[in-house]
Amino acid sequence: MKLDEQVITRAIIERFNQKLLDNLEVDVAVVGGGPAGLVAAYYLARANYKVALFERKLSIGGGMWGGGMMFNEIVVQEEGKRILDEFNVRCEEYERGYYTADSVETVSTICSCAAKAGARIFNLMSVEDVIVRKKRVTGVVINWTAVEMANLHVDPLCIQSKFVIDATGHPIEVIRVIERKVDARLLTKSGKVEGEKSMWADVAERTTLENTREAFPGVYVAGMSANATFGNFRMGPIFGGMLLSGEKVAKLIIQRLKKQA
Ligand code: 48H
């Protein structure tokens, strides 16, 4: 068979357009494809909800690829190992209660499971704003990362969603936009972002889970964003909290979606 460049080009444009058109209205828009966002997308898609994940970079995985200080191994505790087992990621006990896994295997496996479960992953797209109606977020505003990087004056497009997950990690980008632009309090003590504190792995892993919740009507925070929004410690390269946070946020949103149905 002779290959035709025009067919290849048309195939990509048509298929991508269809994928984007199919995701203009979703149940959940996940912002950020680090460990928390990917795990959340997996559990939501597995429960048959329509999920689109937007990742700014070319590759998903966020801070997990780099393990700790570019040593591409991650550590998880007993509770986190349960999630790695669910994904069939191989991990090895190091000392009692501490397990290690290869970060490349972990990211690629979780991503593959999320995509196969039906979550649509849009890489190279950044969420730059939110849509707000009656003091509730009802969607996200997206643009190409290349536009953002080149600082081009190009207007964005919009995705409508019943819920948004801010899984953008340390910078909590969705919540920061809301804090800056929406004339309403966040669901934190001060009504504003409380801010991330310094390193305390033991406390931080616990509080990551506690802080995984709704931070503004329609917007949940997961992973590092949860601690930064509600004001708690960082944990370094132990990733159990990120995985468990992704699972928890999916459960919380599934409960809400079931009530709305
Ligand atoms: C689209 C965006 C946008 C945007 C950012 O940083 P992440 O890996 O986030 P988590 O919470 O899943 O995991 C945190 C973990 O990696 C970590 O940093 C830890 C455990 N640190 C501990 C410590 O002590 O330092 O991933 C977030 C992703 C990234 O891929 C970003 O590119 C992406 O979100 N992102 N995507 N639109 N506006 N902002």
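Here are some friendly notes on a predicted model, taken element by element.

1. Let's start with helix α2, residues 35–46. With 12 residues at 1.5 Å each, this helix should span 16 Å, and its end C-alpha atoms are indeed 16 Å apart, so the two values agree. Helix α2 is mostly covered, with 11 of its 12 residues buried. Among them are Pro-35, Gly-37, Leu-38, Val-39, Tyr-42, Tyr-43 and Leu-44. Just after α2, look for Asn-48, which has a positive phi of about 75°.

2. Next, have a look at Asn-23, in the loop between α1 (5–22) and β1 (25–31). Asn-23 has a relative accessible area of 4%; because buried means under 20%, this residue counts as buried. Setting aside neighbours within four places in sequence, the residues in contact with Asn-23 are Lys-50, Val-51, Ala-52, Arg-120, Phe-122 and Ile-159.

3. Arg-56 lies in the loop between β2 (51–55) and β3. Its relative accessibility is 27%, so Arg-56 is classed as partly exposed. Apart from neighbours within four places in sequence, Arg-56 is in contact with Leu-124, Met-125, Ser-126, Thr-145, Glu-148 and Glu-173. With one of these, Glu-148, the Arg-56 side chain makes a side-chain polar contact of 2.9 Å. If you want to relate this loop back to α2, Arg-56 and Leu-44 are 12 residues apart in sequence, and their C-alpha atoms are 21 Å apart in space.

4. Strand β5, residues 98–102, is a nice one to view side-on. In a regular strand, side chains alternate between the two faces of the sheet. In β5, Tyr-99 and Ala-101 point to one face and are buried, whereas Tyr-98, Thr-100 and Asp-102 point to the other and are not buried.

5. Now for the partners of β5. Strand β3 pairs with β5 in the antiparallel sense over five bridges, and Gln-77 stands opposite Tyr-98 of β5. Strand β4 (residues 91–95) also runs antiparallel to β5, joined by four bridges. Glu-93 has Tyr-99 of β5 as its bridge partner. Together β4 and β5 make a hairpin with two residues between the strands, and Gly-97 in the turn has a positive phi of about 90°.

6. Finally, please look at helix α7, residues 201–210, where Val-203, Ala-204, Glu-205, Thr-207 and Thr-208 are buried. What do the buried residues of α7 pack against? They pack against strand β3 (73–77) and the helices α8 (224–230) and α9 (240–260). Strand β3 is thus worth a second look, as it also pairs with β5.

Terms used
Residues are numbered from 1 along each chain as its sequence is written. This is a predicted model: local features need pLDDT of at least 70, side-chain atom pairs count only at pLDDT 80 or more; totals for chains, interfaces and linings use all residues. Side-chain values use heavy atoms; hydrogens and water are left out. Buried means under 20% relative accessible area, exposed over 50%, partly exposed in between (1.4 Å probe, protein chains only). Contact means heavy atoms within 4.5 Å. The expected span of a helix is 1.5 Å times one less than its number of residues. A polar contact is a pair of N or O atoms within 3.5 Å; within protein, one must be able to donate a hydrogen and the other to accept it, and residues adjacent in sequence count only if both atoms are side-chain atoms. Two strands pair if DSSP finds at least two bridges between them.
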